[in-house]
Amino acid sequence: MIETFFFYAFALMTLGGAVLTITRKSAIHSAIWLIVSLAGVAGLYLLQQAEFLFVVQIMLYVGGIMLLFLFVIMLVNLDDAAKERQFNKQWWLGLACSAVVALEVFYFIRKGAASFQLAQPAPAAPAAEGNIQQLADVLFSQYLLPFEIASILLLVAVIGSVVMAKKRA
Amino acid sequence: MFHPITTVHYLMLSAALLAIGTIGVLARRNIVIILMSIELILNAVNINLVAFSHYFHQVNGQIFAIFVITVAVAEAAVGLGILIALFRNKETVLADKINLLKW
């Protein structure tokens with residue numbers, strides 16, 4: 001009962017925030033609506049007992065990535081862009097294609113729900129250790145190599161973004 | 001009104017978020033908002049992964065979501081770096097004005 005209410009509340013936050021993100025004129029407004037949307041996604045993680053991802057979503061997305069976006073919006077002069085047309089000439093084509101793909105996916109999820117037995121609510125979780133402990137066990141044993149590769153990826157990204165953004169000597 | 005929430009609900013929500021993000025990428029001119037739409041798309045993928053992880057009682061989906069978030073962070077950092085370099089050279093953030101390679 002209460003879970004249903006929270007699901008719809010977070011879904012409204014997520015989708016409403018997303019729609020406002022892609023329709024606002026000013027990039028700052030878009031960024032703030034994106035924060036609302038990402039916070040809604042964080043709430044959905046919490047509803048599905050993914051507590052670690054909830055914390056990561058708040059800290060990394062709302063705290064990290066959005067801060068980066070806001071800094072760049074302030075560094076780059078967007079006033080001229082805000083006065084111009086916001087959608088390109090093919091916007092209706094993009095809208096139509098996305099709508100068709102979305103309807104197709106909706107249709108197949110609805111059709112496939114029965115055969116994959118996804119329509120029932122998920123069975124109750126067996127009482128085990130907490131989410132973070134489970135994640136750490138799997139991440140540091142089974143997925144140790146991808147974890148290390150991810151750290152190299154982040155190093156490359158840090159160096160790459162500094163090289164990109166620095167003034168040419 | 002009070003149907004229990006199933007995995008299908010999460011899949012539908014994820015598909016809707018993916019569609020909204022795709023519209024943002026295809027229809028907006030401002031590169032900053034295109035990058036934000038890419039974040040929306042990656043979040044739609046994460047909702048899907050976490051929903052299946054919850055459904056199958058396996059944390060592998062959540063591990064995958066963590067890697068997706070890592071890649072999203074790297075993508076945002078490099079993308080915004082490119083945007084700053086681009087703005088310094090071309091003085092515009094509108095995607096359809098950057099048409100040097102266009103026929």
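Let me start with the interface: 74 residues of chain A are in contact with 62 residues of chain B, contact being two C-beta atoms, placed from the backbone, within 7 Å. This is a predicted model, in which local features need pLDDT of at least 70 and side-chain atom pairs count only at pLDDT 80 or more, while totals for chains, interfaces and linings use all residues. Residues are numbered from 1 along each chain as its sequence is written, and chains are lettered from A, with ligands numbered from 1, in the order in which they are written.

Which elements of chain A give two or more residues to the side that touches chain B? They are helix H1 (2–23), helix H2 (27–47), helix H3 (51–75), helix H5 (91–115), helix H6 (131–139) and helix H7 (144–165). Helices here are DSSP runs of H or I with at least four residues, strands are runs of E with at least two, and both are numbered from the N terminus. H5(A) provides the largest share of that side, with 11 residues. By residue class, the side of chain A that touches chain B divides into 55 nonpolar, 16 polar and three charged. For that split, Ala, Val, Leu, Ile, Met, Phe, Trp, Tyr, Cys and Pro are nonpolar, Asp, Glu, Lys and Arg are charged, and the others, Gly among them, are polar.

Now chain A by itself. Its secondary structure comes to seven helices and zero strands, so read from the N terminus the order is α-α-α-α-α-α-α. The radius of gyration of chain A is 21 Å, whereas a compact globule of 169 residues would have one near 15 Å. That radius is taken over C-alpha atoms, and the globule rule is 2.2 Å times the number of residues to the power 0.38. Along the principal axes, the C-alpha atoms of chain A fill a box of roughly 55 × 40 × 25 Å. Of its 169 residues, 21% count as buried. Buried means 20 or more other C-beta atoms within 10 Å of the residue's own, exposed means 12 or fewer, and partly exposed is in between, with C-beta atoms placed from the backbone. Among the contacts in chain A with a separation of 6 or more, 55% are between residues 24 or more positions apart.

The domain assignment gives chain A a domain 1 (1–95) and a domain 2 (129–169), with bounds that come from an automatic or database assignment. The C-alpha centres of these two domains of chain A lie 23 Å apart.

Two helices of chain A are worth going through. H2(A) has 21 residues, which at 1.5 Å a residue should span 30 Å, and its end C-alpha atoms are 30 Å apart, which agrees. The expected span is 1.5 Å times one less than the number of residues. The buried residues of H2(A) include Trp33(A), Leu34(A), Leu38(A), Val41(A), Leu44(A) and Tyr45(A). What covers the buried residues of H2(A) includes H1 and H3 of chain A together with H2 of chain B.

After H2(A) comes Gln49(A), in the loop between H2 and H3 of chain A. Gln49(A) is not a glycine, yet has a positive phi of about 60°. With 17 other C-beta atoms within 10 Å, Gln49(A) is partly exposed.

Then H3(A): its 25 residues should span 36 Å, and the end C-alpha atoms are 34 Å apart, which agrees. Where is the kink in H3(A) centred? It is centred on Met66(A) and is about 30°, the bend being the angle between axes fitted to the seven residues ending at a residue and the seven starting there. Buried residues of H3(A) include Phe52(A), Phe54(A), Tyr61(A), Ile65(A) and Phe69(A). The buried residues of H3(A) pack against H2 and H6 of chain A, together with helix H2 (31–56) and helix H3 (60–90) of chain B.

That leads to chain B, which has three helices and zero strands. Its radius of gyration is 17 Å, well over the 13 Å that the globule rule gives for 103 residues, so chain B is more spread out than a compact globule. The C-alpha atoms of chain B fill a box of roughly 50 × 30 × 25 Å along the principal axes. Buried residues make up 57% of the 103 residues in chain B.

Last, two residues of chain B. His54(B) is found in helix H2 of chain B and counts as buried, with 21 C-beta neighbours inside 10 Å. Glu91(B), in the segment after H3 of chain B, has a positive phi of about 60° although it is not a glycine. Is Glu91(B) buried or exposed? Glu91(B) counts as exposed, with 11 C-beta neighbours inside 10 Å.
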